[in-house]
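Student: I've got a new structure open and I'm not sure how to read it. Can you walk me through it?

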Amino acid sequence: MDLPLYANQIWLFQKPVDFRRGKTSLITLILNEQKSPTEGLYLFTNKRGNKLRCFCWHKNGVLVIWKELEQGRFSWSGHN
């Protein structure tokens, strides 16, 4: 699968997200940050830090990728 050229812009949301949120709610979060949901790749994590949701626009629709760690947690600066 070819990701769009603008997917080289990656945005990490530092605040954890309730993963019960649907795509409309994630789009609202993106828009609240003055970003365009169709321009870039957006990463969201849950409170425990063991799940990652990747959101991007691909051709004519939303692409959501979900990664869940069996053990451990994702770690990056600013994430508790």
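**Reading the fold**

Tutor: Sure! Read along the sequence, this protein follows the pattern β-α-β-β-β. Helices (H or I, at least four residues) and strands (E, at least two) are DSSP runs, numbered from the N terminus. The model is predicted, so local features need pLDDT of at least 70 and side-chain atom pairs count only at pLDDT 80 or more, while totals for chains, interfaces and linings use all residues. Residues are numbered from 1 along each chain as its sequence is written, and side-chain values use heavy atoms, with hydrogens and water left out.

Student: How much of the protein is buried?

Tutor: Buried means under 20% relative accessible area, exposed over 50%, and partly exposed in between (1.4 Å probe, protein chains only). Here, buried residues make up 34% of the 80 residues.

Student: Which residues form the largest nonpolar core?

Tutor: A nonpolar core is a set of buried Ala, Val, Leu, Ile, Met, Phe, Trp, Tyr and Cys residues joined through side-chain atoms within 4.5 Å. The largest one here has eight: Phe13, Val17, Phe19, Leu26, Ile30, Tyr42, Phe44 and Phe55. Helix 1 (23–32) and strand 2 (41–45) each supply at least two residues of this core. There's also a second, separate core of seven residues, including Leu41, Leu43, Cys54 and Cys56.

Student: What is phenylalanine 44 in contact with?

Tutor: Contact means heavy atoms within 4.5 Å. Leaving aside neighbours within four places in sequence, phenylalanine 44 is in contact with Phe13, Val17, Phe19, Leu26, Leu29, Ile30, Lys51, Leu52, Arg53 and Phe55.

Student: How many disulfides does the structure hold?

Tutor: A disulfide is a pair of cysteine sulfur atoms within 2.5 Å. This structure holds zero.

Student: Why is cysteine 56 not bonded to cysteine 54?

Tutor: Because the sulfur of cysteine 56 is 5.4 Å from its closest cysteine sulfur, in cysteine 54, and that's too far for a bond. Cysteine 56 is buried, at 1% relative accessible area, and cysteine 54 is buried too, at 11%.

Student: And leucine 41: buried or exposed?

Tutor: Leucine 41 sits in strand 2, and at 11% relative accessibility it counts as buried. Leucine 41 and leucine 63 are 22 residues apart in sequence and 9.6 Å apart in space, C-alpha to C-alpha.
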